[in-house]
Amino acid sequence: MEVKIGVQHAPREIVLESGQSAEEVERAVSEALAGKAQLLSLTDEKGRKVLVPSDRLAYVEIGESATRRVGFGAL
């Protein structure tokens with residue numbers, strides 16, 4: 001699933017493909033925003049961790065991963 005994270009005072013957003021479910025990502029974001037965790041920690045599909053300080057979160061967009069199309073077929 002695709003996750004976009006906006007960070008305060010940063011010109012670009014963080015985009016990652018996560019193997020976690022939408023509920024797991026939402027739970028991690030909720031805990032970070034509630035002050036239970038000082039860092040938002042997510043893992044992408046390649047096993048890399050993304051850590052964002054919870055007080056710097058601007059927004060988190062959780063979406064389905066886009067399937068990549070190959071060829072010149074009809075959209």
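Here is a short walk through the nonpolar core of this predicted model and the helix that packs into it.

Let's start inside. The largest nonpolar core has 14 residues, and those that touch the most other members are Val3, Ile5, Val25, Leu40, Leu42, Val52 and Leu57. Two or more residues come from each of strand E1 (2-7), helix H1 (22-34), strand E3 (39-43) and strand E4 (49-53). H1 gives the largest share, with 4 residues.

For a view from a single side chain, try Val52. Setting aside neighbours within four places in sequence, Val52 is in contact with Ile5 and Val7, with Ile14, with Gln38, Leu39 and Leu40, and with Leu57.

Now follow H1 itself. This helix runs for 13 residues and covers 18 Å from its first C-alpha to its last, close to the 18 Å expected at 1.5 Å a residue. Its buried residues are Val25, Ala28, Val29 and Ala32. Looking down the axis of H1, you'll find these buried residues within an arc of 95 degrees, so they line one face of the helix. The spacing fits a familiar rule: an α-helix has 3.6 residues a turn, so residues three or four places apart point the same way.

What sits over that buried face? The cover on the buried residues of H1 includes E1, E3 and strand E5 (57-63). Flip to the face of H1 turned away from the buried side, and you meet the exposed residues Glu23 and Ala34. Just past the end of H1 comes Gly35, which takes a positive phi of about 90 degrees.

Note on methods
Residues are numbered from 1 along each chain as its sequence is written. This is a predicted model: local features need pLDDT of at least 70, side-chain atom pairs count only at pLDDT 80 or more; totals for chains, interfaces and linings use all residues. Side-chain values use heavy atoms; hydrogens and water are left out. A nonpolar core is a set of buried Ala, Val, Leu, Ile, Met, Phe, Trp, Tyr and Cys residues joined through side-chain atoms within 4.5 Å. Buried means under 20% relative accessible area, exposed over 50%, partly exposed in between (1.4 Å probe, protein chains only). Contact means heavy atoms within 4.5 Å. The expected span of a helix is 1.5 Å times one less than its number of residues. The arc is that of the directions from the helix axis to the C-beta atoms.
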